[in-house]
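Grab a coffee and work through these short exercises with the model open beside you. Try each task before you read its solution.

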Amino acid sequence: MRHFTCDLCGDSIHDDRYVVKMEIFAAFDPDELKESDFDSDTLAAVSEQIAAIESGIVEAPSDSSAQRFRFDLCEGCRTRFADDPLARDAMGRVNFSEN
Ligand SMILES: [Zn+2]
């Protein structure tokens, strides 16, 4: 029998297991060219950027393809996740403590 652990609280999941699947993807076409992309200044800047990436000075931009995540949750964490899937409460607390 396969053993599952909650990806949020770390407890073993004995009974009810819930799966959260998330996907992040660009809601725009990252490869779409705009009129301004053809300006000579922009082309020169892109050439410099490519040269810098090829020489290892600058890290290549991260892949813009979709990222998929999958998490196993226990029943308690499933309820907490469903109440605040973007962890806005935690973000608010972090912002508050910076004041
Ligand atoms: Zn849990």
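**Exercise 1. Work out whether strand 3 (residues 18-24) is covered or in the open, and find what it pairs with.**

Start with the burial count. A residue is buried if 20 or more other C-beta atoms lie within 10 Å of its own, exposed if 12 or fewer, and partly exposed in between, with C-beta atoms placed from the backbone. Of the seven residues in strand 3, zero are buried, so the strand lies largely in the open. Next, the pairing: strand 3 runs antiparallel to strand 4 (residues 67-73), and seven bridges join them. Strands count as paired if DSSP finds at least two bridges between them. One bridge to look up is Met22, whose partner in strand 4 is Phe69.

A word on the ground rules: this is a predicted model, where local features need pLDDT of at least 70, side-chain atom pairs count only at pLDDT 80 or more, and totals for chains, interfaces and linings use all residues. Residues are numbered from 1 along each chain as its sequence is written.

**Exercise 2. Lay out the order of helices and strands in the chain.**

Helices (H or I, at least four residues) and strands (E, at least two) are DSSP runs, numbered from the N terminus. The chain has three helices and four strands, and along the sequence they read β-β-β-α-β-α-α. As for burial, 3% of the 99 residues are buried.

**Exercise 3. Check the length and cover of helix 1 (residues 40-54).**

From first C-alpha to last, the 15 residues of helix 1 reach 21 Å, close to the 21 Å expected. That expected span is 1.5 Å times one less than the number of residues. Now the cover: helix 1 has zero buried residues, so it is hardly covered. Just after helix 1, Gly56 has a positive phi of about 85°.

**Exercise 4. Place Ile13 and list its contacts.**

Ile13 sits in strand 2 (residues 12-13). It counts as partly exposed because it has 18 C-beta neighbours inside 10 Å. Contact means C-beta atoms, placed from the backbone, within 7 Å. Skipping neighbours within four places in sequence, Ile13 touches Phe4, Thr5, Cys6, Asp72 and Cys74.

**Exercise 5. Is Ala87 buried or exposed, and what is its phi?**

Ala87 lies in the loop between helix 2 (75-83) and helix 3 (88-97). With 12 other C-beta atoms within 10 Å, Ala87 is exposed. Its phi is near 55°, a positive value in a residue other than glycine.

Technical notes. Contact = placed C-beta atoms within 7 Å.
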